[in-house]
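Here are my notes on the model, as numbered points. Please read them with the structure open.

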Amino acid sequence: MQVNEYDGVLLKDGREAIVIEKFDDTHFMVDAAQTAEEWGIIDITIEDIEKVTTKARTTK
């Protein structure tokens, strides 16, 4: 699975998150939903991601 900065992802625990930093192909910092109104920044690995839900737009 290819994950890039600013992609939307679904975590295996059911939370939605946005990748805010990609350290390498398996380690990321994300802003993850804690509740519908509250988000928090956490570090995750590729193993925590169920799937990529939205791909970041790129400009050329």
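1. A cut-off comes before anything else: two residues are in contact when heavy atoms lie within 4.5 Å. Under that rule, and not counting residues up to four places away in sequence, Leu 11 touches Ala 17, Ala 32, Ile 42, Ile 44, Asp 48, Ile 49 and Glu 50. Leu 11 is also a member of the largest nonpolar core. Keep in mind that this is a predicted model.

2. Overall make-up. The protein chain has zero helices and five strands. Read from the N terminus, its elements run β-β-β-β-β. The radius of gyration is 11 Å, close to the 10 Å of the globule rule for 60 residues, so the chain is as compact as a globular protein of that length. The C-alpha trace spans about 35 × 25 × 15 Å along its principal axes. Buried residues account for 25% of the 60 residues. Of the contacts with a separation of 6 or more, 34% are between residues 24 or more positions apart.

3. Sheet order. The five strands form an open sheet, ordered β4-β3-β2-β1-β5, with antiparallel pairing. β4 and β5 are the edge strands, each pairing on one side only. On average, neighbouring strands are turned by 40° against each other, direction ignored.

4. The β2 and β3 pair. Strand β2 covers residues 16–22 and strand β3 residues 27–33; five bridges join them, and they run antiparallel. The hairpin between β2 and β3 passes through four residues. For a reference point in the register, take Glu 21, which stands opposite Met 29 in β3.

5. The β3 and β4 pair. β4 spans residues 39–45 and pairs with β3 over seven bridges, again in the antiparallel sense. Five residues lie between β3 and β4 in their hairpin. Phe 28 has Ile 44 in β4 as its bridge partner. Both Phe 28 and Ile 44 belong to the largest nonpolar core.

6. The β1 and β5 pair. Four bridges join β1 to β5, and the two strands run antiparallel. Gly 8 stands opposite Thr 54 in β5.

7. The core. Which residues make up the largest nonpolar core? There are eleven in all: Val 3, Val 9, Leu 11, Ala 17, Val 19, Phe 28, Val 30, Ala 32, Ile 44, Ile 46 and Ile 49. β1, β2 and β3 each supply at least two of these residues. β3 gives the most, with three. One general point helps when reading the side chains: in a regular strand they alternate between the two faces of the sheet.

8. Asp 43. This residue is found in strand β4. Is Asp 43 buried or exposed? Asp 43 counts as exposed because its relative accessible area is 57%, and the cut-off is over 50%. Leaving aside neighbours within four places in sequence, Asp 43 is in contact with Phe 23, Phe 28 and Met 29. Its C-alpha atom is separated by 6.3 Å from that of Val 30, 13 residues apart along the chain.

9. Salt bridges. The count comes to three. One of them joins Lys 55 and Asp 7, with the closest N and O atoms 2.9 Å apart. This pair links distant parts of the chain: Lys 55 sits in the segment after β5 (49–54), Asp 7 in the segment before β1 (8–11), and they are 48 residues apart. The partners are not equally accessible. Lys 55 is partly exposed at 47% relative accessibility, whereas Asp 7 is buried at 1%.

10. The other salt bridges. Arg 15 and Asp 13 meet through their side chains at 2.9 Å, N to O. Arg 15 counts as partly exposed, at 23% relative accessibility. Asp 25 forms a salt bridge with Lys 22, where the closest N and O atoms are 3.3 Å apart. Asp 25 is exposed at 54%, whereas Lys 22 is partly exposed at 22%. Why is Lys 22 not classed as buried? Buried means under 20% relative accessible area, and Lys 22 has 22%, so it falls in the partly exposed class.

Definitions and conventions: Residues are numbered from 1 along each chain as its sequence is written. This is a predicted model: local features need pLDDT of at least 70, side-chain atom pairs count only at pLDDT 80 or more; totals for chains, interfaces and linings use all residues. Side-chain values use heavy atoms; hydrogens and water are left out. Two strands pair if DSSP finds at least two bridges between them. Buried means under 20% relative accessible area, exposed over 50%, partly exposed in between (1.4 Å probe, protein chains only). A salt bridge is a side-chain nitrogen of Lys or Arg within 4 Å of a carboxyl oxygen of Asp or Glu. A nonpolar core is a set of buried Ala, Val, Leu, Ile, Met, Phe, Trp, Tyr and Cys residues joined through side-chain atoms within 4.5 Å. Axes are lines fitted to C-alpha atoms, for helices over the stretch in contact, and angles run from 0 to 180 degrees between N-to-C directions. The radius of gyration is taken over C-alpha atoms; the globule rule is 2.2 Å times the number of residues to the power 0.38.
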